[in-house]
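Me: Please take a close look at one helix and the helices packed against it. Set out the geometry and the residues in contact, then add some context from the rest of the chain.

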Amino acid sequence: MTVVGDRKNTMQNSLKIQDLVVSVDPTSPKGFAGQGKTVVDGISLSVNPGEVHAIMGPNGSGKSSLALTLMGHPGYKVVAGKVLIGSADLLSLKPNERVKKGLFLSFQNPVAVPGVTLGQLIWASYKNIVGEDKMDLRIFYTEVKKQAKDLGVKEEMLNRFVNDGFSGGEKKKAEMLMLLNLRPKFVIFDEIDSGLDVDTLKKIAKAINEMVKKQAGVVLITHNQKILKYIKPNFVHILKEGRLVKSGTSKLASEIEEKGYAKVTSPVTKYGVSSASHPKLDLGSIYIDSRFRGNDSRKRLAMTKGRFK
């Protein structure tokens with residue numbers, strides 16, 4: 001299945017995933033589950049600046065594998081396909097080089113970095129990616145402290161080692177504080193909502209919405225629509241067995257919550273959906289037209305090549 005946004009004025013700066021096939025690297029460290037297994041199977045997706053794409057799916061469907069592959073995790077091997085930001089080929093770049101091109105991944109389970117404080121990491125990352133001469137250190141930390149306050153992060157956390165002894169909520173806030181200062185073009189959130197109380201979730205969602213207003217493109221990976229009550233996605237995609245099997249507006253998330261994945265999705269075939277369940281569906285491609293930015297979701301989904309006849 002192919003899902004693309006076709007606004008001409010943003011396509012040159014889009015995050016484009018083209019026919020991506022990924023397997024678990026057979027040379028990955030012992031204990032890395034599923035060595036040699038295909039975990040992403042022919043995914044194509046285009047995310048324009050200022051868009052939110054929610055990716056949902058059952059456990060083991062390949063959501064985190066897709067996110068880690070886009071960021072360059074060595075445990076995954078790209079078998080086929082391309083990943084671009086504008087004309088830049090991300091697959092040829094190291095993870096730190098991908099960050100410099102504007103891609104950021106908020107990890108599902110951020111790791112601890114003993115010996116490095118959160119404040120040090122934010123400043124060092126900013127210097128490396130944006131440039132030290134862009135802002136005075138004192139002005140920078142003043143801005144960081146303001147952002148920390150908005151997120152509900154205590155100032156003392158900036159002097160603690162990164163994620164060392166942090167609660168689940170503190171780790172997610174630290175991730176948000178980092179990306180707010182790096183100002184990436186595109187952000188992948190891997191279950192940013194897991195383990196958060198309602199108040200923290202609202203603060204995280206507010207920060208994400210502010211990023212989107214500033215034209216950051218967002219890929220939001222989640223199991224449920226709890227966070228989607230505060231962040232309205234332009235598109236919702238269902239990932240199943242490594243394939244995008246269904247896409248729609250934010251209403252699709254409500255349908256999933258009401259009926260579950262099994263009833264919402266068709267059986268998976270090599271083409272992504274079952275032609276037996278939709279005999280009149282052309283399985284060539286499904287394109288999502290994102291030119292329509294209004295509230296009428298029916299206008300915002302224009303189906304071509306995948307149109308029911």
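Reply: Helix H5 passes helix H6 in a right-handed crossing (the near helix is turned clockwise from the far one by less than a right angle; anticlockwise would be left-handed). This is a predicted model, in which local features need pLDDT of at least 70 and side-chain atom pairs count only at pLDDT 80 or more, while totals for chains, interfaces and linings use all residues. Residues are numbered from 1 along each chain as its sequence is written, and side-chain values use heavy atoms, with hydrogens and water left out.

H5 covers residues 137-151, and its axis comes within 10 Å of that of H6, crossing at roughly 140° (axes are lines fitted to C-alpha atoms, for helices over the stretch in contact, with angles from 0 to 180 degrees between N-to-C directions). That angle makes H5 oblique to H6 (under 35 degrees counts as roughly parallel, over 145 as roughly antiparallel, 65 to 115 as roughly perpendicular, and the rest as oblique). On the H5 side, Phe-140, Val-144, Gln-147, Ala-148 and Leu-151 take part, and they meet Lys-173, Met-176, Leu-177, Leu-180 and Asn-181 of H6 (contact means heavy atoms within 4.5 Å). Sorted by class, these are seven nonpolar, two polar and one charged residues (Ala, Val, Leu, Ile, Met, Phe, Trp, Tyr, Cys and Pro are nonpolar; Asp, Glu, Lys and Arg are charged; the others, Gly among them, are polar).

H6 itself spans residues 168-182 (helices are DSSP runs of H or I of at least four residues, strands runs of E of at least two, both numbered from the N terminus). Another partner is H4, residues 118-129, whose axis comes within 9 Å of that of H6 at a crossing angle of roughly 25°. H4 and H6 are therefore roughly parallel, and their crossing is right-handed. H4 contributes Leu-118, Leu-121, Ile-122, Ser-125, Tyr-126 and Ile-129, while H6 contributes Ala-174, Leu-177, Met-178, Asn-181 and Leu-182. This contact has nine nonpolar, two polar and no charged residues. Leu-177 and Asn-181 of H6 thus appear here and in the contact with H5.

H7, residues 198-213, also packs on H6: the axes come within 11 Å and cross at roughly 15°. H6 is therefore roughly parallel to H7, and this crossing is left-handed. From H6, Lys-172, Lys-173, Met-176, Leu-179 and Leu-180 meet Thr-200, Ile-204, Ala-207, Ile-208 and Met-211 of H7. The classes here are seven nonpolar, one polar and two charged. Lys-173, Met-176 and Leu-180 occur in this list and in the contact with H5.

As background, an α-helix has 3.6 residues a turn, so residues three or four places apart point the same way.

For the rest of the chain, the protein has ten helices and 13 strands. Of its 309 residues, 50% count as buried (under 20% relative accessible area; exposed is over 50%, partly exposed in between, with a 1.4 Å probe and protein chains only). Among contacts between residues at least 6 apart in sequence, 71% join residues at least 24 apart. Helix H2, residues 63-71, is mostly covered, with eight of its nine residues buried, including Leu-66, Leu-68 and Leu-70. Just after H2, Gly-72 has a positive phi of about 95°.
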